[in-house]
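Biologist: Hi, have you got a moment to go through a structure with me? I'd like to hear how it is put together.

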Amino acid sequence: LNRTPQLNGAAFAIKKNVFEELGGFNRVICEDLDLAFRAYTTGIDFGYPPDTAVHNVVDPSLTQWLKQRRRWALGFGEWFNNHLGEFLTSITREPAAFTVALLILFPSSPLIILGWLIPDALILKLLSLALMLLSTFQIYLTPTILVVYLFTFFARSLISTLSSCFASCVFFYWASRKLKYPFNLLEFSLYYFIYNPIWLLFCLLSIFIVALHRNDFDLDRKV
């Protein structure tokens with residue numbers, strides 16, 4: 001497509017005439033996300049120079065880092081509420097582009113989706129029902145029922161977790177090779193299982209926080 005609904009404000013350049021055509025930055029928290037989405041819906045192309053290196057300095061203070069993540073999460077909620085109609089329209093027109101963007105921003109999201117879609121096996125449900133009926137006659141079968149139920153729950157969770165993680169690893173490994181980035185499986189696993197689910201939860205909560213209290217939260221805005 002040569003277009004993207006999202007970009008990183010720490011590592012992008014834009015032509016002056018395109019920037020002016022889009023009206024520049026809006027006064028929002030995530031101005032890079034807002035600008036990229038407006039460029040995407042306008043049909044503006046972008047390119048990627050693989051031989052360009054950008055060094056980004058991260059604040060070493062944990063307190064400042066957490067404040068930054070809070071600001072970004074609120075910025076995402078602000079962007080989502082401001083562009084909800086355009087966002088839904090764009091998804092229906094080009095679902096593949098937004099699927100890729102979702103996997104890049106929230107690689108652990110398929111884990112949650114799979115948890116909703118994969119049903120419990122019918123045979124395990126019937127087995128649990130049979131054991132429950134038997135337990136009415138033999139009380140010592142109650143621990144067995146509990147074991148079967150726990151096995152059903154953990155088996156379903158394990159299958160969805162491993163499937164989602166494997167698919168994400170393959171996708172990010174392929175993308176890293178394509179973009180000539182190093183891929184570290186341990187770092188990605190920590191990101192996938194710890195940081196990204198928490199970040200996804202923060203972003204989802206921020207959507208509702210901004211919708212309910214649009215003018216009541218401290219933006220901690222950077223200008």
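Here is the chat about the structure shown above.

Modeller: Happy to! This is a predicted model, where local features need pLDDT of at least 70, side-chain atom pairs count only at pLDDT 80 or more, and totals for chains, interfaces and linings use all residues. Residues are numbered from 1 along each chain as its sequence is written, and side-chain values use heavy atoms, with hydrogens and water left out.

Biologist: Good to know. How many helices and strands does the protein chain have?

Modeller: The protein chain has nine helices and zero strands. Helices (H or I, at least four residues) and strands (E, at least two) are DSSP runs, numbered from the N terminus. Along the sequence the pattern reads α-α-α-α-α-α-α-α-α.

Biologist: And what share of the residues is buried?

Modeller: Of the 223 residues in the protein chain, 30% count as buried. Buried means under 20% relative accessible area, exposed over 50%, and partly exposed in between (1.4 Å probe, protein chains only).

Biologist: What about the surface, how much area does the protein chain expose?

Modeller: About 15400 Å², and carbon and sulfur atoms supply 68% of that. Accessible areas come from the Shrake-Rupley method with a 1.4 Å probe; for residues, only the protein chains shown count as cover.

Biologist: Now the inside. Which residues touch the most other members in the largest nonpolar core?

Modeller: That core has 16 residues, and F76, W79, F87 and F106 touch the most other members. The elements giving two or more residues to this core are α2 (31-42), α3 (62-82), α5 (95-105) and α9 (185-212). A nonpolar core here is a set of buried Ala, Val, Leu, Ile, Met, Phe, Trp, Tyr and Cys residues joined through side-chain atoms within 4.5 Å.

Biologist: What is F76 in contact with, beyond its neighbours within four places in sequence?

Modeller: F76 is in contact with C30, L33, F106, C203 and I207. Contact means heavy atoms within 4.5 Å.

Biologist: There seem to be rings to discuss too. How many aromatic pairs does a search of the whole structure find?

Modeller: The search finds 18 aromatic pairs. One of them is F19 with F25, edge-to-face at 5.1 Å centre to centre and 75 degrees between the planes. F19 is partly exposed at 24% relative accessibility, and F25 is partly exposed at 42%. F76 and W79 form a tilted pair, 5.9 Å centre to centre with 35 degrees between the planes. Rings of Phe, Tyr and Trp (its six-membered ring) pair if their centres lie within 6.5 Å; planes under 30 degrees apart count as stacked, over 60 as edge-to-face and the rest as tilted.

Biologist: How far apart are F76 and W79 in helix α3?

Modeller: They are three residues apart in helix α3, so about one helical turn separates them. F76 and W79 are both buried. Ring pairs also link F37, Y40, F76, W79, F80, F87, F98 and F106 into a cluster.

Biologist: Staying in that helix, is E78 buried or exposed?

Modeller: E78, which lies in helix α3, is buried, with a relative accessible area of 12%. Not counting residues up to four places away in sequence, E78 touches V28, I29 and V210.

Biologist: Last topic: how many disulfides does the structure hold?

Modeller: Zero. A disulfide is a pair of cysteine sulfur atoms within 2.5 Å.

Biologist: Why is there no bond from C165 to its closest cysteine sulfur?

Modeller: Because that sulfur, in C169, is 4.1 Å from the sulfur of C165, too far for a bond. C165 is buried at 13% relative accessibility, and C169 is buried with a relative accessible area of 14%.
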